[in-house]
Every structure is written in C-alpha cells, then in structure tokens.
Amino acid sequence: MLKTARLFSFMLALANVAFGACTDKESKSSDKKRPNIILINVDDLGWKDLGFMGSDYYETPNLDKFSQEGMVFTNAYAGASNCAPSRANMISGQYGPRHGVYTVSPSDRGNAKTRKLIPTKNIDSLSDSLFTIGEMFHANGYTTGTFGKWHVSEDPTTMGFDVNIGGNHRGNPGKDGYFSPYNIEHIEDGHEGEYLTDRLTDEAIKFVEDNQDRPFFLYLPFYTVHSPLMGKLELVEKFKAKKGSGGQDNAVYAAMVYSMDENVGRLLESLSALGLEENTMVIFTSDNGGIRKTSNQYPLRAGKGSYYEGGIRVPLVIKYPGLIKAGKKVDEPVLQMDFFPTLQAVINAEEVNRNLDGQDLSPLLFENEELKERDLFWHFPIYLEAYSPKDDQSKDPLFRTRPGSVIRSGKWKLHEYFEDGDLELYNLEEDLTEQNNLAEDHHEKVEELLLKLREWRASTNAAVPTEKNSEYDADFEAQRKEQVMK
C-alpha cells in the first residue's frame with residue numbers, strides 16, 4: 001500500500017513537472033505569437049506620389065507589391081496638415097485641442113499686417129502625462145524602437161521607446177543632412193556620403209534582428225521626403241531622363257521616393273528572411289499631404305499646410321498576412337488616430353489608453369464589417385504662410401491656411417474660417433477638387449454641419465481665436481496679395 005502511495009505521488013509529481021513545462025512552453029509559444037507591429041511614416045509624401053496610387057512618374061515597385069498584399073485605404077486622413085501636429089495626434093491618439101500641438105511653432109506665422117486675429121498659442125511638445133502609443137506597447141511587454149523623425153518632444157525614450165535613433169525635436173535633417181556626416185542628434189555619423197534613409201533602415205533591420213524572439217513595436221518615421229530635397233546622384237540622373245506628367249516631374253524628389261521604396265523593400269525582405277512576415281502587421285502611411293509645388297496631387301486641391309484634401313489626405317496600406325484581405329481597396333474614411341485603438345485590440349492589450357478619439361478598425365480589417373458612421377474633424381486656430389502663392393491653390397495667396405475648423409460628414413465637407421466667418425461646403429463625391437462652394441445652395445446642410453462642428457469644439461475645449469490683431473492693415477494685405485500674384 002505504501003509503495004502504491006509513493007508511486008502515485010511520484011507519478012503526480014512527474015505530471016506536475018510535465019504540466020509546468022508544457023505551460024511554460026505554451027506561455028513562450030503564446031508570447032512568440034503576439035504580433036509584431038511596424039508603423040512606417042514617410043514625411044511629406046503626397047497621396048498620389050506612389051505607383052499604386054496613380055503616379056506614372058515615381059517608381060515604387062516594392063510598395064506597389066506591398067499594396068497588393070495588404071489593404072489599401074483611398075480615403076485615409078492625417079489628423080493635421082503639417083508635420084508636428086499630425087504626429088502628435090497619431091502618437092497620442094487624440095485630437096489637437098486635447099494636447100495643444102497645432103503646428104511647428106510659432107503660431108503667428110506670416111506677415112503680422114496680413115493677420116486679422118491673434119492666433120492661439122501653440123505647444124511644442126506632447127505632455128509627459130499622456131499615455132502614448134509607445135508607452136502602451138511598452139506597458140504590454142513589447143520592445144519598442146523609433147528610427148528617424150520624432151518631432152513631438154526632445155526625447156522619445158521618455159514616452160515609451162527603448163531605442164531612439166535620430167529622433168528629437170528636429171523636423172528636418174538640415175542643410176546637406178541626408179548624407180553623412182549628419183546634422184541630427186542621437187545618431188552616429190556613418191561613412192562619408194552614407195544616405196540617411198539607408199542608415200535608418202539599417203538600424204531598423206538590426207532592431208528586428210535583435211528582437212526577433214520577442215514581440216516588438218518598430219516606428220520608422222523617415223525624414224525623407226521632407227526638404228531639403230536631396231537624392232542619390234545616380235537616381236537623380238535616372239529620373240532626369242524620364243518624362244514627367246501632371247505636375248510630377250521633379251527628378252530629385254523622385255530619387256528620394258525611389259530610395260524610400262527601396263528601403264521599405266529591404267525591411268520587408270528582412271522580415272521574410274527571419275521568418276517573421278506571417279506574424280507581423282505592417283502599416284505604411286505619410287504624416288500629411290505633399291507640397292503641391294514639388295508634386296501635384298490632382299485631383300486633390302492644395303497641399304501640405306492646407307485643410308483642402310491635398311493637405312490632409314494620405315496614402316495608407318495595412319498588411320497582416322492571412323488575417324487582412326490582400327489587395328482590397330477601402331473607400332470608407334479613416335484617420336491616423338484610428339491606429340492607436342486598433343493596435344490595442346490587435347495585441348489584446350491589458351494596459352490600455354481609454355482616452356482616445358480614434359475608432360478601432362479591427363472589424364473592418366479582420367471581419368470585413370463596415371465601420372460605424374462618424375464625422376471627422378480638424379481644428380487649426382493659427383496661421384501658416386504660403387509656400388508658393390501662385391501655385392498653392394489655398395484659400396488665398398498669402399496663407400496655406402488661416403484660422404478655422406473643418407468637418408467631413410459622409411460626402412460633405414465644411415470649412416469654417418474664424419476671421420470673417422467664411423464658410424465653404426463641398427460635395428466630395430461630385431467635387432473632389434473642392435472648386436464648387438455649395439454653401440449658398442445648401443443652407444440646411446451648412447447649419448447642420450456647423451452645429452456639429454461647434455458641439456465638437458465644445459466637447460474638446462477647442463480654443464477659438466477672437467482677439468483682433470492691432471497690427472492688421474487691410475490696405476497692406478490687398479497690396480501684398482496683388483504683388484505676390486504678379
């Protein structure tokens with residue numbers, strides 16, 4: 001009897017050990033199955049600056065292939081029309097009025113004599129009190145790294161990132177900055193003439209290799225294709241020999257786009273070589289619209305800095321092999337602030353940010369369900385001077401945008417400007433170029449959208465500038481407009 005009891009105890013102990021080992025293996029296996037996330041954010045890349053988005057001039061073979069393997073969003077929007085605020089919205093998951101980053105400081109840009117209002121003061125950095133997307137991943141056991149343009153604080157390692165290569169408050173790499181020796185911080189110089197886009201990708205690939213056995217979040221915000229425009233000489237010559245069309249003919253810019261595409265291809269190939277492709281979700285986008293003078297986005301009006309479609313509509317592709325339907329095009333409007341709640345759901349996060357303004361896209365991505373109807377908002381209570389007065393296609397030749405708010409509701413889009421109460425209403429289904437202002441013809445729709453816009457501003461405590469600018473000179477403004485349009 002005693003022998004039987006001892007044998008039973010021994011067998012039970014073995015079973016417990018085996019069960020423990022099995023549980024441990026299952027835990028490690030489960031950990032390995034947690035998806036890796038890569039978010040690629042190109043700087044100032046226009047909606048139509050890629051082959052799969054309709055460009056005949058730029059060559060993007062790797063991204064064209066990637067678009068066939070992922071889901072393409074034709075109505076994807078940045079949260080703002082220029083660099084810092086769009087990144088702040090995406091990284092915080094919140095609309096601008098909640099964190100106060102509206103532009104690249106200062107907010108009173110342009111000639112003071114042409115500004116009717118005192119603009120809202122701008123905040124340079126996201127507050128450390130915010131629970132950023134980097135901190136969300138970090139809190140849920142992910143190794144995190146950012147490689148390139150950060151632009152929303154001095155140090156991303158205080159906002160959830162374990163590794164930072166090349167990121168601080170700087171918004172561009174500076175004069176000659178695309179070739180080593182570099183003018184940016186948190187990166188060591190490479191060999192003379194090393195190209196920054198290549199180097200950031202090298203660092204990103206090393207991060208993937210170093211963390212292939214654990215879940216990681218890789219944020220790759222390339223400095224390219226932001227000015228100064230600088231491409232590899234052999235690629236510039238390649239595109240000089242190619243005929244452009246439709247306002248897309250800048251050989252240097254094309255060379256930068258081509259290098260970016262090459263490097264995205266290298267990163268994706270590294271995932272495949274390491275056996276990580278099937279377990280990695282990759283998001284590709286741009287931080288805002290392109291600069292119209294550099295690259296025309298027709299039929300979209302205007303470009304970076306404007307709240308017409310050319311300034312806020314961006315390319316977006318999301319790939320997750322076997323889970324997201326390959327090659328599908330989605331026309332439903334989405335915002336980059338949707339990334340935060342979506343990724344929380346994808347990784348089944350336990351530590352989450354519940355104060356988000358975006359929508360979880362998971363049902364659309366994985367179950368082919370339609371998104372819940374919603375309105376999209378933009379708020380810009382400041383001034384942003386024109387790049388090229390004759391060619392910007394903005395509201396007026398002096399500013400890419402003046403203080404105002406915008407709402408998109410279904411097919412309708414309403415612009416409200418604070419200086420004079422000007423209103424512009426467009427039907428995007430019939431007038432994607434935003435040339436036919438229907439505000440006088442659809443008073444009820446204007447009132448409906450204006451009410452929604454004002455209710456949204458109240459709900460987010462959005463600042464609306466009302467103080468008159470004593471330096472404003474109407475005669476000077478009129479003369480200046482006439483001068484720049486000659």
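Leaving aside its neighbours within four places in sequence, which residues is A302 in contact with? Let's start there and then widen the view, keeping in mind that this is a predicted model.

A302 sits in the loop that links β7 (280-286) to α9 (309-312). Once neighbours within four places in sequence are set aside, its contacts are R292, Y308, G310, D392, Q393 and S394. The relative accessible area of A302 is 0%, so this loop residue counts as buried, the cut-off being under 20%. For a sense of distance, you can pick out E135, which is 167 residues away from A302 along the chain; the C-alpha atoms of the two are separated by 35 Å.

Stepping back, the chain as a whole has 13 helices and 17 strands. Its radius of gyration is 25 Å, which agrees with the value near 23 Å that a compact globule of 486 residues would have. If you are setting up a box around the C-alpha trace, the spans along the principal axes are about 110 × 55 × 40 Å. Buried residues account for 57% of the 486 residues. Now take the contacts between residues at least 6 apart in sequence: 69% of them join residues at least 24 apart.

Helix α3 (residues 83-92) is a good place to look at burial in detail. This helix is mostly covered, with ten of its ten residues buried. They include polar and charged names as well as nonpolar ones: S86, R87 and N89 are on the list, and so are A84, M90 and I91. What do these buried residues pack against? Their partners are the strands β1 (36-42) and β6 (216-220), together with the helices α4 (96-99), α5 (133-139) and α10 (339-346). Just after α3 comes G93, which takes a positive phi of about 75°.

Finally, have a look at a pair of helices, α7 (residues 233-240) and α8 (residues 251-273). Their axes come within 8 Å and cross at roughly 120°, which makes α7 oblique to α8. The crossing of the two is right-handed. On the α7 side, the contact is made by L235, V236, K238, F239 and K240, while α8 brings A251, V252, A254, A255, Y258 and S259. Sorted by class, the residues in this contact are eight nonpolar, one polar and two charged.

Key. Residues are numbered from 1 along each chain as its sequence is written. This is a predicted model: local features need pLDDT of at least 70, side-chain atom pairs count only at pLDDT 80 or more; totals for chains, interfaces and linings use all residues. Side-chain values use heavy atoms; hydrogens and water are left out. Axes are lines fitted to C-alpha atoms, for helices over the stretch in contact, and angles run from 0 to 180 degrees between N-to-C directions. Helices (H or I, at least four residues) and strands (E, at least two) are DSSP runs, numbered from the N terminus. Angles under 35 degrees count as roughly parallel, over 145 as roughly antiparallel, 65 to 115 as roughly perpendicular and the rest as oblique. A crossing is left-handed if the near helix is turned anticlockwise from the far one by less than a right angle, and right-handed if clockwise. Contact means heavy atoms within 4.5 Å. Buried means under 20% relative accessible area, exposed over 50%, partly exposed in between (1.4 Å probe, protein chains only). The radius of gyration is taken over C-alpha atoms; the globule rule is 2.2 Å times the number of residues to the power 0.38.
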